[in-house]
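Trainee: I am new to this model and would like a close look at one part of it, with its surroundings explained afterwards. Please start from the helix packing.

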Amino acid sequence: MARRLEAAAGERFVRDEMAELVSRAIGPCVAHDGLRLFGMNPVTGAVSFGFLHTFSPGLVRDQLYESYLGGDPFSPVDVARLPAPVGLIGGDDRAAPEPSPGSAPGSPPRSPGRRRALEILTAHGAGCELRLLLRDGRGLWGLLSLLRSEGGRAFGPDDAERLSRISSPLITLLRRYATAGEPRTARPYLPAGVVIVGADNEVRSLTPEARAWLAEIDPAHGMAPEWMPMVSMREITLAARRHLIDPSAPAPVACSPAAFLGRRVAVHAQPLDADGTGDVAVILQEATGDLLLPVFSAWHGLTARERQIVQHLHSGAAPKQIARSLSVSLHTVNTHVKAVFRKTGVSGRDELLATLGA
């Protein structure tokens, strides 16, 4: 299974093909009836791109409120705080005891929202769901979710344990997808656009610039799945509401890679009132420069020092100036620069700066 996932890491995916491939790869190990795979901004924790395979977009949309503002016991926020990165809703969790620190993967926390989470699954014909948070020592990269239909065999702790073993190749798959397909040709410049989302989490109004952005990233013209606009606008809106009341929750700043939308797009959201229950402004703009640099560095695995070097290069500093600023030798700077070029796949400074939109 790991070999199949690693071999797929260099492939080019259109729409939901990645989810279909992952489903085929892990099916013999953990049988399932539906799968979703979301890639996150490793800096903020916000979802930046995603794929589904026989997993209803309507189910994802219905789960979003519970994940951010309801009682979903295994939202990305809550799973990130658990000792084990695997969460189980339905099936064997109904009679499971309250977990203790260091409990086995799949042990569920008690939650007032568990009944609601099961009701949502049932409404969409699912009996249970198994979630794996894709994280390692360098960051939070994504979330894998598996479904089994109602009436079928439920997921159990053994499934959770097997699933937890494949984090590494899945993280590699997401990172390579995020760093593949970097823009090679200039796209028409679009100024930032603003979408106003109402208290009901539905779009209320758009600026002309936002309309231009939505036309530009329409799935009919690119690589993203057809369900993406319906889900992503609601997700970033709910993330903004959650972050206002819980600053430790993921910041509502997503950065979609070029392979997903045809160009790198930054999306961030801000509630327009003090309690986060009213309108939310969602801003769409080109992901370049300082907006792109943190996530670009994370996706490419740059070290803290390499990121400093890139920041100085982006600001226009020469290697000698960088050496003086960081109190290191010119040789050390050049060594770091070569490492940056190798990791990011560029041939020189000009190509690196072009990639960052400088």
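Trainee: How close do the axes of helix H13 (residues 319–326) and helix H14 (residues 330–344) come, and at roughly what angle do they cross?

Mentor: This is a predicted model, in which local features need pLDDT of at least 70 and side-chain atom pairs count only at pLDDT 80 or more, while totals for chains, interfaces and linings use all residues. Residues are numbered from 1 along each chain as its sequence is written, and side-chain values use heavy atoms, without hydrogens or water.

The axes of H13 and H14 come within 9 Å and cross at roughly 110 degrees. H13 is therefore roughly perpendicular to H14 (65 to 115 degrees; under 35 is roughly parallel, over 145 roughly antiparallel, the rest oblique). Axes are lines fitted to C-alpha atoms, for helices over the stretch in contact, with angles from 0 to 180 degrees between N-to-C directions. Helices (H or I, at least four residues) and strands (E, at least two) are DSSP runs numbered from the N terminus. On the H13 side, the residues in contact (heavy atoms within 4.5 Å) are Pro319, Lys320, Ile322 and Ala323. They meet Leu330, Val333 and Asn334 in H14.

Now the surroundings. Five strands form an open antiparallel sheet in the order E2-E1-E5-E4-E3; strands pair if DSSP finds at least two bridges between them. Strand E2 (47–53) and E3 are the edge strands, each pairing on one side only. On average, neighbouring strands here are turned by 15 degrees against each other, direction ignored. Inside this sheet, ten bridges join E4 and E5 in the antiparallel sense, and Leu132 stands opposite Leu144 in E5. Helix H7 packs on the sheet and touches strand E1 (34–40), E2, E4 and E5. The direction of H7 makes about 75 degrees with that of E4.

H7 also belongs to the surroundings of helix H6 (residues 157–164), as part of what covers the buried residues of H6. Those buried residues (under 20% relative accessible area; exposed is over 50%, partly exposed in between, with a 1.4 Å probe and protein chains only) are Asp159, Ala160 and Leu163. Seen down the axis of H6, they fall within an arc of 100 degrees, so they line one face of the helix. The arc is that of the directions from the helix axis to the C-beta atoms. Their cover also includes helix H2 (17–26), strand E3 (86–90), strand E4 (126–136) and strand E5 (139–149).

A second open sheet of five strands has the order E7-E6-E10-E9-E8, again with antiparallel pairing. Strand E7 (203–206) and strand E8 (253–256) are at its edges with a single partner strand each, so one side of each has no neighbour in the sheet. Neighbouring strands are turned here by 20 degrees on average, direction ignored. Strand E6 (residues 193–197) and strand E10 (residues 280–286) run antiparallel, joined by five bridges, and Gly193 stands opposite Leu284 in E10. Helix H8 (residues 208–216) lies across E6, E7, strand E9 (265–271) and E10, at about 95 degrees to E6. Helix H9 (residues 228–245) packs on the sheet too, touching E6, E7, E8, E9 and E10. Its direction makes about 45 degrees with that of E9.

Two loop residues remain. Arg15, in the loop between helix H1 (2–8) and H2, has a positive phi near 55 degrees without being a glycine. Thr54 lies in the loop between E2 and helix H3 (57–68), with a positive phi of about 45 degrees.
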